Amino acid sequence: MKFKRKFLAIPYVIFLVGFVIIPVLFIFYYAFTNKAGQFSFENVEKFFSDETNINVLLISLVYAIFNTLICLLLGYPIAYILANKKYNRSPILYMLFIMPTWINFVIRTSATRDLLNWIGISTGSMSSITTMIGLVYNYLPFVILPLYTTMLKIDTYQLEASYDLGANKSTTLFKVLIPMTLPGIISAATMVFMPTLSSYVISDILSEFNVVLFGSYIDLYFNQANWNFGSFMAFIMLCLILVSVLISRKSEKGNEGGSVL
Amino acid sequence: MKKKYILLILLTLLTCSCTKKDQSNNVLVIYNVEDYISNGEDDSVDLIKEFEETYDCEVKYYTYDTNETMYNQFKLQKQGTYDLVLGSEYICQKMIKEGLMDPIDNMELNIPNYYQNCSPSLRQKLQSMDCSNETIANLDQYVVGYMWGTLGIIFDPSVIEYDELEGLSWDVIYDKKYANLTSLKNSMRDAYDAGLLHGYASQTRSIQDSLLVKYGTKYCDGYRSELNAYIQDLFDFKLDGSDESEKENLAKIALVKEELCKLKDNLFGWETDSGKNDIVEGSKIKMNLAYSGDAVYSISLAKELGKELMYIVPNEGGNIWYDAWMLPKGSKNRDLAYKFLNFVSDSTNASSNMDYIGYTPFIVGEEMFTTTSSYYGASDFDINQTYYSGDHVIYNNVLYMCDISEDEEITNVYPNTLEGYISKEYDSSIEYEEYELVSKDSEIYYVTSEGLEIVNPYDLSHIYSELENRDRLIYPYYESINSLETQYPSLDVMARCGVMNDYGIYNENVIIMWGQVKAYINMTPFYIILIIVLTAILTLLAYYIIHKKKSARYRRYKQENRGK
């Protein structure tokens with residue numbers, strides 16, 4: 001047998017089949033069967049007949065949208081400063097922003113819970129605020145990272161050219177900088193939006209289980225041994241994520257076309 | 001190349017055979033709740049290690065967090081994975097009904113310690129619980145009791161108004177005065193319990209009043225048994241299958257839902273296992289729905305820190321639960337499993353278990369009584385028992401205290417010899433500490449600043465079987481009265497506690513109800529935000545399209561001009 005380069009992919013293919021494809025097939029199987037293992041649309045009916053289920057989904061959507069917006073608003077200027085040689089001469093500052101991700105996020109979140117209570121933001125009575133703080137804190141590095149890498153690639157002379165041609169600062173920002181970093185913004189947004197939809201540890205710990213996101217709602221059913229309904233909700237989440245991926249890819253492509261013109 | 005493959009195959013075969021060798025006769029696989037056995041931490045006895053050494057075997061000890069996790073995990077594994085599984089009474093009923101468990105074979109011979117030392121009244125409770133649809137079977141035939149207790153409220157008496165005579169009502173967790181000070185267990189069944197008992201609280205109170213009129217006193221068997229039957233009725237779903245009882249059951253679930261949704265606004269939050277430490281720390285919560293064993297743990301921890309906590313089963317009823325071992329069908333090592341059950345049912349081991357985890361074992365008997373009484377107060381002296389420094393004993397109606405150094409123990413010495421003991425007979429010339437125990441004229445008293453106050457002995461005869469040389473009475477230390485009541489609930493508390501049996505076919509309804517309660521929130525702000533976001537997206541889209549058209553027109557115009 002002669003060694004071929006494509007053999008190198010074998011370990012990953014095994015991993016992919018075992019841990020990605022087969023589990024997804026399991027989700028499909030459980031989502032469209034009942035407890036006796038027969039094919040049925042029981043779960044579809046159950047999901048759409050109770051408004052609670054849809055409400056939980058909407059709540060998660062709102063949290064995800066807010067989280068994405070806040071992270072972008074906070075992360076964009078930071079990434080700009082980090083990427084700009086005028087303000088940041090060493091990579092240490094950049095490390096500081098990424099460092100929180102080195103600590104396990106469950107430990108970090110538990111510490112955040114005590115910290116917030118200590119400074120007087122009660123995780124019990126202000127649970128939606130504390131959840132928001134926790135989400136932003138955890139996902140901010142994931143926004144800074146892609147924005148930082150796109151901004152590094154920007155030629156600063158182009159910004160100077162913009163000023164030379166008479167544009168003021170805000171015009172430069174909206175007409176030059178943001179369009180040029182749009183791919184970074186989109187990938188940052190997808191990196192925050194989708195995980196927030198399914199996150200539940202942060203909301204559980206920081207809201208004393210008061211804020212129920214879609215992830216913890218699915219967990220509630222899995223915990224009670226109702227695998228079929230839980231899987232159906234996981235399936236719905238998969239669909240949502242698929243849609244958001246498609247949208248982001250499409251807008252990325254559209255943007256490329258735009259920049260060529 | 002081929003050689004390499006052969007080597008690989010050989011290697012895998014070798015490892016396979018190695019693992020097979022491991023699964024010899026001497027491995028016992030146990031599936032227990034986390035932190036539910038004395039494990040050698042904090043100077044406790046490591047029971048598992050001791051068992052391994054005594055019987056020369058290996059114990060594979062796995063743990064879980066909730067009964068539901070255990071059920072899921074158990075069903076996922078192939079038959080015969082576990083030799084012993086612990087579960088609460090309802091999950092035991094469910095699993096036995098599903099035919100997953102074997103009955104206990106010849107308890108007298110196989111588990112003599114349990115047979116002799118188990119509390120008769122608790123075994124009677126197990127016997128009264130059914131676990132099978134077809135044959136006449138009760139829980140006692142299938143399980144070996146491990147720990148039991150109640151579900152009640154642990155609170156900080158300096159914040160929560162509490163009157164010793166009136167007890168505590170379930171209303172207290174709904175009280176707006178205590179908003180954001182309470183946490184509940186993030187568990188469907190425990191939350192259901194609180195909602196149900198509060199929902200029916202006024203009805204319960206009126207039943208209690210009418211029973212009081214009927215019997216004249218709360219402290220008689222008639223009152224207790226009738227109240228218990230009523231509370232048990234509240235917990236049980238009517239399962240005769242008629243439309244009427246179905247309506248009633250669904251109404252019950254709807255009521256609990258309403259109660260819990262109302263309660264949500266008043267809560268600090270839900271907790272899984274953080275509550276027992278948070279209540280001691282005391283900055284977040286002042287009240288918590290707790291199991292009696294966790295309460296014992298929290299109370300003693302608080303005492304070490306100089307704080308006071310109390311545990312009470314509210315007046316309008318509570319939940320009593322039993323955790324027990326089951327023998328899974330097809331398990332490989334039944335013999336060793338019996339040996340383990342016998343081992344943990346041993347008085348000494350049961351008392352070190354109680355010492356470490358705080359929960360109350362099913363095991364009673366001479367040694368357990370000595371451990372309990374010397375921890376919580378004074379009791380009659382027994383020459384066969386071992387006593388340690390600080391233990392109080394009563395001999396010939398005189399109170400003595402064991403006065404030896406910390407690490408010593410004393411046996412076979414009568415207290416009146418005063419060798420290792422000092423008399424605590426009241427002497428007005430001596431200065432006593434506040435609420436110290438003394439004896440005077442064959443009675444036991446607390447010394448208070450206003451004189452002597454008589455001690456009410458705590459009777460354990462409803463749990464303990466007859467003891468050889470002593471009464472089943474404990475004269476508790478003043479600060480231990482509540483802990484003792486927590487560890488061993490009195491007859492009156494047990495009368496107002498019901499068993500929450502498996503929900504049966506209504507489980508699905510309760511799960512849906514629980515999901516609705518957890519997700520219950522005022523949706524208006526969310527709808528508004530979503531509408532704003534949607535309009536924003538649509539406006540942006542519209543702007544983008546118009547802009548594109550405009551620029552396209554502009555380009556076309558330019559091109560046309562260029563053409564000219």
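1. How many helices and strands does chain A have? Chain A has eleven helices and zero strands. The model is predicted, and the points below should be read with that in mind. Read along the sequence, the pattern of chain A is α-α-α-α-α-α-α-α-α-α-α.

2. Overall extent and burial of chain A. The C-alpha atoms of chain A fill a box of roughly 70 × 65 × 40 Å along the principal axes. Chain A holds 261 residues, of which 44% count as buried. If one takes the contacts in chain A between residues at least 6 apart in sequence, 72% of them join residues at least 24 apart.

3. Chain B, secondary structure and extent. Chain B contains 20 helices and 23 strands. Its C-alpha trace spans about 130 × 75 × 55 Å along the principal axes. There are 564 residues in chain B, and 50% of them count as buried. For contacts in chain B between residues at least 6 apart in sequence, the share that joins residues at least 24 apart is 70%.

4. Domains of chain B. The domain assignment splits chain B into domain 1 (27-147 + 323-361), domain 2 (150-320 + 495-519) and domain 3 (377-482). Domain 1 and domain 2 are each written as two segments, while domain 3 is written as one. Between the C-alpha centres of domain 1 of chain B and domain 3 of chain B the distance is 35 Å.

5. The interface in total. Chain B and chain A bury about 2,900 Å² between them. Carbon and sulfur atoms account for 63% of that area. The contact involves 34 residues from chain B and 34 residues from chain A.

6. Polar terms across the interface. Four salt bridges are found between chain B and chain A. In one salt bridge, the side chain of R113(A) meets that of D278(B), with an N to O distance of 2.7 Å. Ten residue pairs are in polar contact between chain B and chain A, with both residues at pLDDT 80 or more. On the side of chain B that touches chain A, at least two residues each come from α3 (67-76), β7 (267-271), α19 (507-519) and α20 (524-563) of chain B. The largest share, eight residues, is supplied by α19(B). By residue class, that side of chain B divides into 17 nonpolar, nine polar and eight charged residues.

7. Which residues of chain A does I529(B) touch? Leaving aside residues up to four places away in sequence, I529(B) touches V62(A) and F66(A). I529(B) sits in helix α20 of chain B. Helix α20 of chain B is also among the elements that supply at least two residues to the side touching chain A. I529(B) counts as partly exposed because its relative accessibility is 24%, and the partly exposed class lies between 20% and 50%.

8. Is Q208(B) buried or exposed? Q208(B) counts as buried, since its relative accessibility is 13% and the class requires a value under 20%. Q208(B) belongs to helix α9 (residues 201-215) of chain B. With residues up to four places away in sequence left out, Q208(B) touches Y223(B), L227(B) and N315(B).

How values were computed: Residues are numbered from 1 along each chain as its sequence is written. Chains are lettered from A and ligands numbered from 1 in the order in which they are written. Side-chain values use heavy atoms; hydrogens and water are left out. Domain bounds come from an automatic or database domain assignment. Contact means heavy atoms within 4.5 Å. Buried area is the accessible area (1.4 Å probe) that two parts lose on being put together, summed over both. A polar contact is a pair of N or O atoms within 3.5 Å; within protein, one must be able to donate a hydrogen and the other to accept it, and residues adjacent in sequence count only if both atoms are side-chain atoms. Helices (H or I, at least four residues) and strands (E, at least two) are DSSP runs, numbered from the N terminus. Ala, Val, Leu, Ile, Met, Phe, Trp, Tyr, Cys and Pro count as nonpolar, Asp, Glu, Lys and Arg as charged, and the others, Gly among them, as polar. Buried means under 20% relative accessible area, exposed over 50%, partly exposed in between (1.4 Å probe, protein chains only).
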